[in-house]
Amino acid sequence: MKAVAVLPAERRFDVIDHPEPGIASPTEAKLRMLDVGICGTDKEIVAFQYGIPPPGSRYLIIGHESLGEVIEAGPQVKRVKPGDLAVPTVRRPCSRPECFACQAGRQDFCYTGEFTERGIKQRHGFMSEFVVEDERYLNPVPPVLRDIAVLVEPLTIAEKAVTQLWQVQQRLPWAGPGYRRRALVLGGGPVGLLGAMKLVLEDFETTVYSRTPAASDLEKIVTGFGASFVHAEDASVAELAASIGNIDVVYEAVGASSLAFEVMRYLGTNGVFILTGVPGRKAPITVDTDVLMRDYVLKNQVIFGTVNASITSFTDAISDLDKFQERWPHSVRSLITQRFPIAQAAEPLSGKTGGIKNVIAVGE
Ligand code: BGC
């Protein structure tokens with residue numbers, strides 16, 4: 001079968017021929033892949049900055065944001081059946097008995113770092129014609145989400161983040177109905193926009209701040225789902241913060257530490273700062289750590305980072321994507337910029353294609 005793989009030792013990536021997988025255990029299902037999304041992590045992997053092939057393999061099949069159709073199910077598979085659409089999770093547990101997180105099925109909190117990730121770390125990914133997966137990692141998706149379900153995986157980041165946000169904010173029992181919630185989202189890429197949609201759904205007055213040039217239709221998309229849009233050319237971070245008022249949540253989705261730390265000093269009283277971006281190493285920056293530390297203490301602030309997601313976040317993402325589609329059909333569809341056949345995968349992977357979310361339509 002055809003697959004897109006990176007060969008780090010040879011410094012190249014290509015469409016390769018890979019043996020078609022078959023069901024090997026009664027709890028596995030086989031999928032015909034439909035859509036595989038491309039994100040910043042994939043671009044880093046094909047630029048040889050990230051990603052590790054499976055042990056003994058020269059190459060790593062990439063792709064972790066995906067949607068497939070079940071075409072065959074082992075005799076003990078209960079969660080999905082042939083004909084169902086399904087989205088697989090990405091991370092697989094480590095095998096250490098002392099890792100309480102992985103033992104509990106929460107490999108997104110793995111302690112040892114020995115977890116694996118499909119399409120990223122030591123396991124082939126989903127940018128191939130067929131995939132076999134154990135049913136415990138598969139999430140059934142209603143047919144009505146066929147065109148947008150490739151957004152489930154990036155949405156799980158917001159789902160996990162917002163679940164933790166509410167766990168933290170249980171400390172504010174008065175912040176229920178009647179309390180004016182204000183969120184600032186940094187970044188107008190897929191993670192930022194899906195995060196902003198989730199925050200709007202949770203009744204936050206949400207502002208998206210973007211530095212991306214030529215953001216003309218971005219503004220339309222953002223206002224289309226009820227958030228405000230501010231371009232960095234039109235307002236400094238200080239002006240932006242003054243216009244919002246007490247910022248309850250900052251949802252960072254740019255992976256630029258300089259912007260994140262600049263905005264941190266404007267986080268509101270009792271606010272939470274959520275980091276989702278993974279920055280590349282750049283030159284060190286200067287930050288007024290005294291100001292930040294004073295605020296953390298005197299304003300009861302919380303900062304947390306969040307990676308990957310559990311099966312619950314996938315279930316939540318599937319149900320919220322359905323809500324997004326009902327409320328803002330146009331906005332959610334416009335997150336997907338273009339679909340490319342597998343033979344043209346190099347184009348969007350090289351980063352030359354603009355837009356929001358580019359997708360490889362594997363079956364085409
Ligand atoms: C993926 C996560 C993964 C992370 C780090 C992200 O792009 O969505 O599932 O944990 O990269 O490898």
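Here are two short exercises with worked solutions on a predicted model.

Ground rules: this predicted model asks for pLDDT of at least 70 for local features and 80 or more for side-chain atom pairs, while totals for chains, interfaces and linings use all residues. Residues count from 1 along each chain as its sequence is written, and side-chain values use heavy atoms, with hydrogens and water left out.

**Exercise 1.** Work out what domain 1 and domain 2 bury between them.

*Solution.*
- Step 1: get the bounds. Domain 1 covers 2–148 + 335–360 and domain 2 covers 155–305; these bounds come from an automatic or database domain assignment.
- Step 2: count contacts (heavy atoms within 4.5 Å). That gives 7 residues of domain 1 touching 10 residues of domain 2.
- Step 3: take the buried area (accessible area, 1.4 Å probe, lost on putting two parts together, summed over both). It comes to about 600 Å², with 74% from carbon and sulfur atoms.
- Step 4: see who pays on the domain 1 side. F109, L335 and I356 lose the most area, together 71% of what that side buries.

**Exercise 2.** Find which residue forms a salt bridge with D108.

*Solution.*
- Step 1: apply the rule, a side-chain nitrogen of Lys or Arg within 4 Å of a carboxyl oxygen of Asp or Glu. Across the interface of domain 1 and domain 2 you get 1 hit.
- Step 2: check the partner of D108. K160 is your residue, with the closest N and O atoms 3.0 Å apart.
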